[in-house]
Amino acid sequence: MDYSYIEQLLNLYWQCETTLQEEEILRQFFAQEDIPFALEKYRPLFARQQQPTLDDAFDERVLQAIDEPQPVKARVVGLHHHLGPLLKAAAIVTVIFTLGNVARFSLSGDDGSDDINYADYKDTYQDPAMAYDNVEDALQLISEGISQATQADSLLSATRLDQDSLRTE
């Protein structure tokens, strides 16, 4: 016998292109007793499975389980609950750093001699205008140095951009 139509339907079935009527034809074919050995491996796919029926005892057990509501224990979880461990850790770190700083300064033997003694302080300039001119000159030199560095940096950046654009072209 020629089973080419069944094989065509199987190919359509594997490609998910069968209609419901074609799938019904496949189910009816595989429900027969005599089918070729080559197609026997597809029988379990198309065999009708009997739907299990549920009896009244099952319904009673489900209804009994539903009738007994379980109490729900709900609690409100606030922000302090989530951040509590983090705040505790921060407090511990703060206490440790504070105690470390106290120990360092108390054990260092520092008598405060590093402070400036303003009584012994002497101006190096007698004329305030001359001191102002010297500070102004120093700030002008710093400004020129920053300007030169900025110009050199922008030239270097422009050169790199040109080289990068040449590489990509």
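**Exercise 1. In which helix is the place of Asp56?**

Before we start, note that this is a predicted model, in which local features need pLDDT of at least 70, side-chain atom pairs count only at pLDDT 80 or more, and totals for chains, interfaces and linings use all residues. Residues are numbered from 1 along each chain as its sequence is written, and side-chain values use heavy atoms, with hydrogens and water left out.

*Solution.*
- Step 1: Asp56 has its place in helix α4, which covers residues 56-67. Helices are DSSP runs of H or I with at least four residues, strands are E runs of at least two, and numbering goes from the N terminus.
- Step 2: With a relative accessible area of 57%, Asp56 is exposed. The classes are buried under 20%, exposed over 50% and partly exposed in between, with a 1.4 Å probe and protein chains only.
- Step 3: Asp56 joins Asp55, Asp59 and Glu60 in a negative surface patch. Patch residues have over 30% relative accessible area and no salt bridge; like charges are joined within 9 Å and nonpolar side chains (Val, Leu, Ile, Met, Phe, Trp, Tyr) within 5 Å. Asp and Glu count as negative, Lys and Arg as positive, while His and the chain ends are not counted. A charge is placed at NZ of Lys, CZ of Arg, CG of Asp or CD of Glu.

**Exercise 2. Find which residues form a nonpolar patch on the surface.**

*Solution.*
- Step 1: The members are Leu54, Phe58, Val62, Leu63 and Ile66, and together they have about 460 Å² of accessible area. Such areas come from the Shrake-Rupley method with a 1.4 Å probe; for residues, only the protein chains shown count as cover.
- Step 2: Take Ile66 as a sample: Ile66 lies in helix α4, and its 57% relative accessibility makes it exposed.

**Exercise 3. Work out how many salt bridges a search of the whole structure finds, and trace them.**

*Solution.*
- Step 1: The search returns 3 salt bridges. Each needs a side-chain nitrogen of Lys or Arg within 4 Å of a carboxyl oxygen of Asp or Glu. Side chains of opposite charge can pair when their charged atoms come close.
- Step 2: In helix α2 (residues 20-31), Arg27 and Glu23 sit 4 residues apart, about one turn of the helix. Their side chains form a salt bridge at 3.7 Å, N to O. Arg27 is partly exposed at 27% relative accessibility, whereas Glu23 is buried at 18%.
- Step 3: Glu24 also pairs with Arg27, at 3.3 Å, N to O; these two are 3 residues apart in helix α2. Glu24 is partly exposed, at 25%. Shared partners link Glu23, Glu24 and Arg27 into one salt-bridge network.
- Step 4: Arg43 and Glu40 make a salt bridge at 2.8 Å, N to O. Glu40 is partly exposed at 33%.

**Exercise 4. Say where Cys16 lies and describe its backbone.**

*Solution.*
- Step 1: Cys16 belongs to the loop between α1 (4-14) and α2.
- Step 2: Although not a glycine, Cys16 has a positive phi of about 60°.
- Step 3: Cys16 is exposed, at 70% relative accessibility.

**Exercise 5. Summarise the whole protein: how many helices and strands are there?**

*Solution.*
- Step 1: Count 6 helices and 0 strands, in the order α-α-α-α-α-α from the N terminus.
- Step 2: Of the 169 residues, 8% are buried.
- Step 3: Among contacts (heavy atoms within 4.5 Å) between residues at least 6 apart in sequence, 29% join residues at least 24 apart.
- Step 4: The protein exposes about 15700 Å², with 58% supplied by carbon and sulfur atoms.
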